[in-house]
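Me: I am new to this structure and would like to understand the words people use for it. Could you take me through them step by step?

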Amino acid sequence: MDPSYIIEKPKEGVKGKCLVCKLLFPDDEIRLGYRETDATIEKGPWKWNHITCVPIDRWDTAEEVYGDVTEIPGVAATEGAAARVGMAHSNARASADHHAKKTADETIAQHAAKEEEASRKQAEKAKAKAEAKRVAEEEERRQAAASGG
């Protein structure tokens, strides 16, 4: 059974909180309700998020279920919801893309730093080896000179 989603304004007199930001829903603000687990899909309680708090994976799942986030039940019946839902979905996508790029950039920087550190250690090792060879050769020359050779 597919997950269920709904867009609506809070019921009059009912104050719920967004499960992401933990803030109350204002009476006139639309929100996304969802039932995603097997235990809740058929008859469980709705869970709610401000549409601006919905993570991209939830939007993507709703899009898979309905074909487009603007087709989520309740969007058509709620004035101005289609534009706001579409914008919230776009913003969540942009935020996720930005986060993914930032994470990739950080990973690249970490790998570059590790390679630089490995290269530095290798150079230090080569320098120490060359110094040890130079000292050994100098000691040989000194011993040869001391033995008259």
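Reply: Happy to! Let's begin with aromatic pairs: in this predicted model, a search of the whole structure finds two of them.

Me: Why is the pair of Y5 and Y66 called edge-to-face?

Reply: The ring centres of Y5 and Y66 are 6.3 Å apart, and the cut-off for a pair is 6.5 Å. Their planes stand at 80°, and an angle over 60 degrees counts as edge-to-face, so that is the name this pair gets.

Me: What makes this pair a tie between parts apart in sequence?

Reply: Y5 belongs to strand 1 and Y66 to helix 2, so the pair links parts that are 61 residues apart in sequence.

Me: How do you know whether Y5 and Y66 are buried or exposed?

Reply: Buried means under 20% relative accessible area. Y5 has 1%, so Y5 counts as buried. Y66, with 24%, is partly exposed, because that label covers values between 20% and 50%.

Me: And why is the pair of W46 and W48 called tilted?

Reply: Here the centres are 6.2 Å apart and the planes meet at 40°. Stacked needs under 30 degrees and edge-to-face over 60, so the pair of W46 and W48 is tilted. As for accessibility, W48 is buried at 14%, while W46 is partly exposed at 28%.

Me: How do you know that the charged end of R31 sits over the ring of F25?

Reply: The charged end of R31 is 5.3 Å from the centre of the F25 ring, and the distance cut-off is 6 Å. R58 likewise lies over the face of Y34, at 3.7 Å from the ring centre.

Me: What puts the buried residues of helix 2 on the same side?

Reply: The buried residues in helix 2 (residues 56-66) are I56, R58, W59 and A62. They span an arc of only 160° around the axis, which places them on the same side of helix 2. On the other side, D57 and E64 are exposed. After helix 2 comes G67, with a positive phi near 90°.

Me: Which residues touch the most other members of the largest nonpolar core?

Reply: This core has 17 residues, and those touching the most other members are I7, L32, I51, W59, I72 and V85. Strand 1 (4-8), strand 2 (31-35), helix 2 and helix 3 (81-146) each give two or more residues to this core, with the largest share, four residues, coming from helix 3.

How values were computed:
Residues are numbered from 1 along each chain as its sequence is written. This is a predicted model: local features need pLDDT of at least 70, side-chain atom pairs count only at pLDDT 80 or more; totals for chains, interfaces and linings use all residues. Side-chain values use heavy atoms; hydrogens and water are left out. Buried means under 20% relative accessible area, exposed over 50%, partly exposed in between (1.4 Å probe, protein chains only). The arc is that of the directions from the helix axis to the C-beta atoms. A nonpolar core is a set of buried Ala, Val, Leu, Ile, Met, Phe, Trp, Tyr and Cys residues joined through side-chain atoms within 4.5 Å. Rings of Phe, Tyr and Trp (its six-membered ring) pair if their centres lie within 6.5 Å; planes under 30 degrees apart count as stacked, over 60 as edge-to-face and the rest as tilted. A charge sits over a ring if NZ of Lys or CZ of Arg is within 6 Å of the ring centre and within 35 degrees of the ring normal.
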